[in-house]
Amino acid sequence: MNGGAGRMLVVGLTGGIGSGKSTVAAMFGQLGAVVIDADRVAHDLHAPGQPLFQAIVSAFGHGIEDDEGRVDRRKLGAIVFGDAKARATLEEILHPAIIAECERRIQHAAASWATVCLLDAALLIESGRHARFDKMILVEASEAVQLERLMTRMGIGRDEAMQRIRSQMPSEEKRRHAHFVIENSGGLEETAHQVGAVWEQLRVHSS
């Protein structure tokens with residue numbers, strides 16, 4: 001534990017779709033980081049009865065609801081990944097609320113005497129939010145691995161998976177803003193070794 005709440009290191013973790021950043025975030029959590037999952041925050045904020053739920057349905061129609069009346073993320077994803085204007089509309093709805101809630105959770109972690117607080121979020125660099133963090137970690141995987149993971153995880157075809165990958169900022173561009181890069185195309189043991197090495201450096205910076 002560190003000596004004061006003000007010395008907590010705030011770290012951003014990002015990576016392209018299918019890079020496996022959630023797996024990497026979980027590894028940091030096991031090592032002792034307080035992990036905030038922006039995707040989970042978004043899920044909580046657009047649950048039925050929450051203000052963002054009605055905003056999303058108003059923008060995209062009741063067709064994006066599942067059988068239980070919740071936002072069907074696959075249906076919504078199919079719309080926004082193929083339409084830049086639709087994606088921008090969704091981001092305008094979600095981002096301010098997600099940012100505010102993530103900041104609230106970061107401050108809660110600081111008040112709890114955490115040493116390292118890690119925010120796992122997909123668009124930290126694209127949105128310009130990377131400058132807010134003390135350190136940035138980029139998780140990478142080869143395009144072939146990303147493709148395989150997406151097709152398996154989401155049950156989508158090759159063309160749709162490739163469209164989602166190509167709609168994002170190239171990893172080479174993201175590298176310019178990263179303090180650490182974790183290559184996550186191989187096995188879990190290899191990834192865990194890299195995570196451990198980065199964790200040791202983060203602990204030095206937070207001491």
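**View 1. Asp120, tucked away in strand β3.** Buried here means under 20% relative accessible area. In this predicted model, Asp120 comes out at 2%, so it counts as buried. Its place is in strand β3, which covers residues 116-120. The side chain isn't without a partner: it makes a polar contact with the side chain of Lys21 at 2.7 Å. Leaving aside neighbours within four places in sequence, the contacts of Asp120 are Leu13, Lys21, Ser22, Ala25, Ile36, Asp37, Ala38 and Asp39. Leu13 also turns up as the residue standing opposite Asp120.

**View 2. Asp39, an acidic residue with some open surface.** Asp39 sits in helix α2, residues 38-45. With a relative accessible area of 43%, Asp39 is partly exposed, because that value falls between the 20% limit for buried and the 50% limit for exposed. Skip the neighbours within four places in sequence, and Asp39 is in contact with Arg73 and Asp120. For a sense of distance, take Glu183: 144 residues separate Asp39 from Glu183 in sequence, and their C-alpha atoms are 21 Å apart in space.

**View 3. Strand β3, covered on both faces.** Zoom in on β3 and you'll find 5 of its 5 residues buried. Val116, Leu118 and Asp120 are on one side, while Cys117 and Leu119 are on the other. How many bridges join β2 to β3? There are 4, and the two strands run parallel. One of the pairs has Val34 with Cys117 as its bridge partner in β3. Strand β1 (residues 9-15) pairs with β3 as well, in the parallel sense, over 5 bridges. Over there, the bridge partner of Leu9 is Val116.

**View 4. The open sheet and the helices packed on it.** Five strands make up this sheet, in the order β2-β3-β1-β4-β5, with parallel pairing. The edges are β2 (34-37) and β5 (180-183), each of which pairs on one side only. On average, neighbouring strands are turned by 20° against each other, direction ignored. Helix α5, residues 84-111, lies across β1, β2 and β3 and runs at about 170° to β2. Helix α9 (residues 188-206) also packs on the sheet, where it touches β1, β3, β4 (135-140) and β5. The direction of α9 makes about 165° with that of β5.

**View 5. The largest pocket, with Asp39 among the residues closest to its centre.** This pocket has a volume of about 1500 Å³. Which of its 50 lining residues are the closest to the centre? They are Asp39, Arg73, Phe81, Ala122 and Gln168. Two or more lining residues come from each of α1 (21-31), α2, α4 (73-80), α5, β3 and α6 (143-154). Helix α5 gives the most to the lining, with 10 residues. That ties the earlier views together: Asp39 belongs to α2, and α5 is the helix lying across β1, β2 and β3.

Note on methods
Residues numbered from 1 in each chain as written. Predicted model: local features only at pLDDT ≥ 70, side-chain atom pairs only at ≥ 80, totals over all residues. Heavy atoms only, no water. Buried < 20%, exposed > 50% of the residue type's maximum accessible area, 1.4 Å probe, protein only. Contact = heavy atoms within 4.5 Å. Polar contact = N/O pair within 3.5 Å; in protein donor to acceptor, adjacent residues only side chain to side chain. Pairing = 2+ DSSP bridges. Axes fitted to C-alpha atoms, helices over the stretch in contact; angles between N-to-C directions. 1 Å grid on protein atoms, 1.4 Å probe; cavity = no way out; pocket = protein on both sides within 12 Å on 5 of 7 lines; lining within 4 Å. Points joined across faces, edges and corners; volume = space filled by probe spheres on them.
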